[in-house]
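Me: Hey, got a minute to walk me through this one? I'm new to reading structures.

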Amino acid sequence: MEKSVKMKLSAGVRRILQTLNSAGHEAYLVGGCVRDLLRSVKPHDWDICTSALPEETEQCFAGQQVIETGLKHGTVTVLEEGEPYEITTYRTEGPYSDSRRPDFVHFVPNLEEDLARRDFTMNAIAMDLQGNLRDPFGGVDDIKAGLIRCVGEPDQRFQEDGLRVMRALRFAAVFGYEIEEQTAQAVHENRTMLDRVAAERINAELCKLLVGKGAGDVLRQYPDVFCQFWPQLGPLVTLEQHNPWHCWGGWEHTIHALEAVPTDVTLRLAMLLHDIGKPACKSTDEQGIDHFYAHPAVSARLADEMLRALKFDNKTRERVVLLVERHDAQLLPRSQVIRRWLNRLGPKAFFQFLDVKRADNMGQAPEKVRDRLAELDEIRAKAEQILADRQCLTLKDLAVDGRDVIAAGIEPGPEVGRVLEGLLERMLSGEIPNERETLMAILRSNIVRHDSNSMGNLDS
Ligand code: ATP
Ligand code: MG
């Protein structure tokens with residue numbers, strides 16, 4: 001394995017390791033890049049650790065562009081042909097009293113001590129220029145077995161830094177690995193450590209986790225961890241749904257729906273949160289059937305609150321909330337309906353909306369949803385055709401503009417906009433074509449309906 005791994009080192013990496021070695025310092029690739037090489041995945045960055053002190057590292061690269069990234073923490077970034085390489089002196093870490101960064105670091109003379117501070121065995125493997133591995137914690141075996149295992153005593157490691165709880169879940173989801181038993185138990189037991197971790201850091205791990213191929217299984221196995229930072233999930237995890245449409249409870253339905261959307265953060269968040277309002281809306285009728293009337297609006301409100309708490313950017317939050325709010329809206333396979341939706345949402349959000357609806361159906365009783373899925377396919381095909389035909393969907397697509405309206409004798413002012421809206425509305429409903437001559441004729445004969453409220457009903 002070593003030989004083939006070594007072949008994959010870029011010239012830049014080799015030069016850096018060589019430069020440090022020639023000055024008499026030890027230097028190894030370490031962490032994610034070694035792990036990824038061993039998994040036969042191209043590393044997205046290169047971390048190097050060395051016995052050289054930061055000043056010594058700087059001296060080694062004196063002729064080159066060097067950034068003092070985190071001198072206090074022992075890190076120097078060297079640019080090789082524009083590529084940044086982080087070079088960090090062997091170090092151990094003090095406690096994380098704010099769970100953000102260690103209070104202090106100590107430089108240490110040997111590699112093994114540096115490897116011992118790292119979170120998981122697969123992340124605690126070092127490789128030298130010749131491709132020789134240093135693997136004191138059995139990381140290579142764990143990678144082969146697809147196991148995430150803490151370096152050292154799991155309880156202690158999660159107590160030092162609560163973010164590791166999320167990192168364990170993230171790696172499990174992204175690689176499709178299992179978490180080793182003792183480490184898994186410690187994840188559950190130390191989930192409250194997440195209370196001390198900054199929202200932004202949880203957010204970053206969660207986003208990677210949700211687009212991982214094993215996201216569903218991680219949600220299944222560790223709902224308690226997710227409830228730690230999003231307690232609003234709690235009632236959904238235990239929600240039962242006695243309803244002919246549903247063959248699963250709230251959490252299993254949510255997970256199936258999440259697994260059925262493409263691996264995109266916005267869509268995955270929308271599925272995770274689409275039914276979050278259901279527990280609060282549950283009622284049971286005389287036949288014992290559960291209903292969840294008006295839950296999308298409650299879900300949207302909760303989703304907004306949850307996404308804010310985890311410091312999501314406005315664009316992601318607003319789109320997720322929109323999709324959650326609409327996920328249950330009626331959508332008929334008629335061109336005028338589809339044109340109105342395209343007008344309201346724009347093509348991107350509309351197709352996301354279709355993805356959400358399809359996934360929501362995929363999480364329901366299969367025999368019940370066959371027709372609905374076929375209908376969604378029909379709607380998608382129609383929408384694609386409408387876009388391919390470049391049909392008029394917004395005011396700027398109209399074959400006439402404000403100047404034409406004024407030329408037809410309407411006073412400049414808000415009335416001009418209302419007239420154009422009226423034309424667009426008739427076009428969306430298929431009543432008139434988007435042809436300049438026809439529109440001009442309508443304007444001139446002044447038979448335009450000025451009813452700006454006629455946009456109201458998306459289903460008609
Ligand atoms: P990615 O592919 O996401 O970059 P990574 O393992 O490289 O994964 P980084 O955050 O880049 O993750 O960290 C680099 C290395 O630093 C890790 O491989 C691990 O050895 C160590 N490390 C990072 N975060 C922690 C932590 N919270 N606790 C202990 N060690 C950590
Ligand atoms: Mg990395």
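**Strands and ligand**

Reply: Sure, let's start with one pair: Val 78 stands opposite Tyr 85 in β5. Keep in mind that this is a predicted model.

Me: OK, and in what sense do β4 and β5 pair, parallel or antiparallel?

Reply: They're antiparallel, and the pairing of β4 and β5 runs over six bridges.

Me: What holds paired strands together, generally?

Reply: Strands in a sheet pair through hydrogen bonds of the backbone, and they can be parallel or antiparallel.

Me: How many residues sit between the strands in the hairpin of β4 and β5?

Reply: Two, and in that hairpin Glu 81 has a positive phi near 50 degrees.

Me: What does Val 78 in β4 have opposite it besides Tyr 85?

Reply: Val 66 also stands opposite Val 78. That brings in β3, which covers residues 66-70. β3 is joined to β4 (residues 75-80) by three bridges, and the two run antiparallel. Gly 70, for one, has Thr 75 in β4 as its bridge partner.

Me: What about the turn between β3 and β4?

Reply: Those two strands form a hairpin as well, with four residues between them. Gly 74 is in that turn, and its phi is positive, about 90 degrees.

Me: Which strand runs parallel to β5?

Reply: That's β2, residues 47-50, joined to β5 (residues 83-89) by four bridges. You can look for Asp 47, whose bridge partner in β5 is Glu 86.

Me: Can you zoom out? What's the order of strands in the sheet?

Reply: Going across, it's β3-β4-β5-β2-β1-β8-β9, so to speak a row of seven strands in an open sheet with mixed pairing. At the edges you find β3 (66-70) and β9 (133-134), each pairing on one side only.

Me: Switching topic: where does ligand 1 sit?

Reply: The space it takes is the largest pocket. Two elements each give two or more residues to the shell around ligand 1: α3 (32-38) and α8 (163-175).

Me: Which of them gives the most?

Reply: α8 does, with four residues in the shell.

Me: And which residues come nearest to ligand 1?

Reply: There are 15 residues around ligand 1, and the nearest are Arg 35, His 44, Asp 161, Arg 164 and Arg 170.

Me: What's the mix of classes in that shell?

Reply: By class, 10 are charged, four are polar and one is nonpolar.

Me: Which side chains have polar atoms by the ligand's oxygens?

Reply: Here are three arginines. In Arg 170, a side-chain N or O atom is 2.8 Å from an oxygen atom of ligand 1. For Arg 118, a polar side-chain atom is 3.0 Å from a ligand oxygen, and for Arg 167 the distance is 3.1 Å.

Me: How much of ligand 1 does the protein cover?

Reply: It covers 80% of the 590 Å² of accessible area that ligand 1 has on its own.

Terms used
Residues numbered from 1 in each chain as written. Chains lettered and ligands numbered in written order. Predicted model: local features only at pLDDT ≥ 70, side-chain atom pairs only at ≥ 80, totals over all residues. Heavy atoms only, no water. Near = heavy atom within 4 Å. Polar contact = N/O pair within 3.5 Å; in protein donor to acceptor, adjacent residues only side chain to side chain. Areas by Shrake-Rupley, 256 points an atom, 1.4 Å probe, with all protein chains shown as cover. 1 Å grid on protein atoms, 1.4 Å probe; cavity = no way out; pocket = protein on both sides within 12 Å on 5 of 7 lines; lining within 4 Å. Sits in = over half its atoms within 2 Å of the grid points. Nonpolar A, V, L, I, M, F, W, Y, C, P; charged D, E, K, R; others polar. Pairing = 2+ DSSP bridges.
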